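Student: Could you take me through the aromatic rings in this one, up close? I'd like to know how they pair up and what sits around them.

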Amino acid sequence: MRGACKLAVSCCTAVVVQVQCACNRERPEKNVNNSNSSPPASTLAVETEALKRAYAAFNRNDIAATVEALDPQIEWTEPAGFPGGGTYHGHEGVKAYLSRSRANWAEGSSEPERFIVTGDRIIVFVHARARLKGSSEWNDVRLADVFTFRNGKAIQLRAFADRQQALEWAGVNDSTAH
């Protein structure tokens, strides 16, 4: 089952990572109230819309459009446990990574479910569903991508198999979630 559970996904532009089911431990989701801990959600409204366009571009396999929301010097990090895990730099590095990941899909999508703004970061809860080439089995994972923005562009992406870890890494703790 381990080999059959591989899935290419990620976000945002970032939107692709092949994840093994062992990495996908579902935890109850919490609603996040950012009103006491971060700027209003509208602060990064333009950037949130750019991420929505990036995920849509990834889903139609338009990798060039997928990276438009990224700074040319982006640092993109996938967890070591993910196939293709590691850090990628710049548009070309990210495009190569996303193209390789997406190449394994027969069909699928990486859909953002929720955007959480906290300071200069946007946490994206992603639902990825894909059928890999040569398989009739659909793989389904829920993960999180955290983008850090500067001057309207994402300068960093960190992908997480565990949504709670993404919230903690971004500084959203249990006292601000309920």
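Tutor: Sure! One definition before we start: a residue is called buried when its relative accessible area is under 20%, exposed when that area is over 50%, and partly exposed in between. Keep in mind that we're looking at a predicted model.

Now for the rings. The structure has five aromatic pairs. Take Phe58 and Trp105: their centres are 5.4 Å apart and their planes make an angle of 85°, so the pair counts as edge-to-face, the label for angles over 60 degrees. This pair ties together distant parts of the chain, since Phe58 belongs to helix H1 (residues 45-59) and Trp105 to strand E3 (residues 105-118), with their positions 47 residues apart. Both Phe58 and Trp105 are buried. Phe58 has another partner too: Arg102 lies over the face of its ring, 5.3 Å from the ring centre.

Next up are Phe160 and Trp169, a tilted pair with 5.8 Å from centre to centre and 50° between the planes. Here our definition comes in handy: Phe160 has a relative accessibility of 7%, so it counts as buried. Trp169, at 28%, is partly exposed, because that value falls between the two cut-offs.

Rings can also gather in a group: Trp76, Tyr88 and Tyr97 make up one aromatic cluster. And Arg102 isn't alone in its habit, as the charged end of Arg129 sits over the ring of Trp138, 4.2 Å from the centre of that ring.

Terms used: Residues numbered from 1 in each chain as written. Predicted model: local features only at pLDDT ≥ 70, side-chain atom pairs only at ≥ 80, totals over all residues. Heavy atoms only, no water. Phe/Tyr/Trp six-rings, centres within 6.5 Å; stacked < 30°, edge-to-face > 60°. Helix = DSSP H or I, 4+ residues; strand = E, 2+ residues; numbered from the N terminus. Buried < 20%, exposed > 50% of the residue type's maximum accessible area, 1.4 Å probe, protein only. Lys NZ or Arg CZ within 6 Å of the ring centre and 35° of its normal.
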